[in-house]
Amino acid sequence: MSEHIAALRWSRHGRDFRYESFSRDHELTFENGQKTLASSAPAFVGNPEALNPETLLVGSLSSCHMLTFLAICAKRGYVVDHYDDAASGLLDKNAEGKMAITRITLRPKVVFSSEKQPTAEELAKLHERAHANCFIGSSIRAEVAVEPR
């Protein structure tokens with residue numbers, strides 16, 4: 001078991017506080033000291049130059065899936081040279097009628113080297129196992145699709 005920490009800091013800085021105009025910008029500081037500017041998505045009056053929670057969720061799932069996939073491949077003797085993903089998340093109303101990330105699609109492209117190469121069926125099973133064991137994937141309710149490229 002492990003605990004993971006993120007600190008958030010927001011301030012009005014004396015500015016107007018109406019829905020249409022309050023600043024959504026805030027700072028996220030992660031447990032290793034890295035900081036990033038975050039905001040709401042532009043569709044929700046946010047700063048397009050900042051990261052938003054929806055994009056961070058999609059990125060977290062993509063990263064977790066890749067790290068789990070790489071661990072599985074290493075344990076099974078597959079050598080991965082490159083892994084790229086073009087992940088996307090759909091913000092829509094869920095079954096309860098609330099706005100949520102309802103679907104995340106991962107589009108990994110994996111390049112293997114060495115003699116041992118997975119067949120298309122083996123590659124699909126590697127991704128299925130990665131999804132089944134990804135900590136973030138196990139933590140969310142959104143539908144997750146993996147579409148290898």
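Q: What makes C73 count as touching other residues in this model, and which residues are they, not counting those up to four places away in sequence?
A: This is a predicted model, and contact here means heavy atoms within 4.5 Å. By that test C73 touches Y78, V80, F112 and L126.

Q: What makes a set of residues a nonpolar core, and which residues form the largest one?
A: To belong, residues such as Phe, Ile, Cys or Leu must be buried and joined through side-chain atoms within 4.5 Å. The largest such set here has ten members: F69, I72, C73, Y78, Y83, V110, F112, L123, L126 and A130. Helix α1, strand β7 and helix α2 (120–133) each give two or more residues to this core. A separate core of nine residues lies apart from it, with L61, C64, I104 and V144 among them. As a general point, nonpolar side chains tend to be buried together in soluble globular proteins.

Q: Why is the aromatic pair of F69 and F112 called tilted?
A: A search of the whole structure turns up six aromatic pairs. For F69 and F112, the ring centres are 6.4 Å apart and the planes are at 55°. The distance is within 6.5 Å, so the rings pair, and the angle is neither under 30 degrees nor over 60, so the pair is tilted.

Q: How do you know that this pair links distant parts of the chain?
A: F69 sits in helix α1 (residues 53–75) and F112 in strand β7 (residues 108–113), with the two 43 residues apart. Both F69 and F112 are buried, too.

Q: Why is the pair of Y78 and F112 called edge-to-face?
A: Here the ring centres are 5.9 Å apart and the planes stand at 65°. An angle over 60 counts as edge-to-face, so that is the name this pair gets. Y78 and F112 are 34 residues apart in the chain, and both are buried.

Q: What makes R24 a charge over a ring, and which rings does R24 lie over?
A: For Arg, CZ has to be within 6 Å of the ring centre and within 35 degrees of the ring normal. R24 lies over the face of Y19, at 4.7 Å from the ring centre, and over the face of F22, at 3.7 Å. Both of those rings belong to one aromatic cluster, made up of W10, F17, Y19 and F22.

Q: How do you know that strands β5 and β6 pair, and in which sense?
A: Pairing needs at least two bridges. β5 (residues 88–93) and β6 (residues 99–106) have six, and they run in the antiparallel sense. One of the matches puts L90 against R103 in β6. The two strands form a hairpin with five residues between them, and G97 in the turn has a positive phi of about 80°.

Q: Why are β5 and β8 said to stand at the edges of their sheet?
A: The open sheet has three strands in the order β5-β6-β8, with mixed pairing. β5 and β8 (143–146) each have a single partner strand, so one side of each has no neighbour in the sheet. Four bridges join β6 to β8, and these two run parallel. On that side, R103 stands opposite E143 in β8. Helix α1 lies across β5, β6 and β8, at about 35° to β6.

Q: How do you know that the side chains along β7 alternate?
A: P108, V110 and F112 point to one face and are buried, while K109, V111 and S113 point to the other and are not. β7 also pairs with β4, antiparallel, over six bridges, and K109 is the bridge partner of D84.

Q: Why does H13 count as exposed?
A: Its relative accessibility is 61%, and exposed means over 50%, so H13 makes it. H13 is found in the loop between β1 and β2, and its phi is near 55°, a positive value in a residue other than glycine.

Q: What makes V45 partly exposed?
A: V45 has a relative accessible area of 39%. That is neither under 20% nor over 50%, so V45 falls in between. V45 is in the loop between β3 and α1, and has a positive phi of about 65° although it is not a glycine.

Technical notes:
Residues are numbered from 1 along each chain as its sequence is written. This is a predicted model: local features need pLDDT of at least 70, side-chain atom pairs count only at pLDDT 80 or more; totals for chains, interfaces and linings use all residues. Side-chain values use heavy atoms; hydrogens and water are left out. Buried means under 20% relative accessible area, exposed over 50%, partly exposed in between (1.4 Å probe, protein chains only). Axes are lines fitted to C-alpha atoms, for helices over the stretch in contact, and angles run from 0 to 180 degrees between N-to-C directions.
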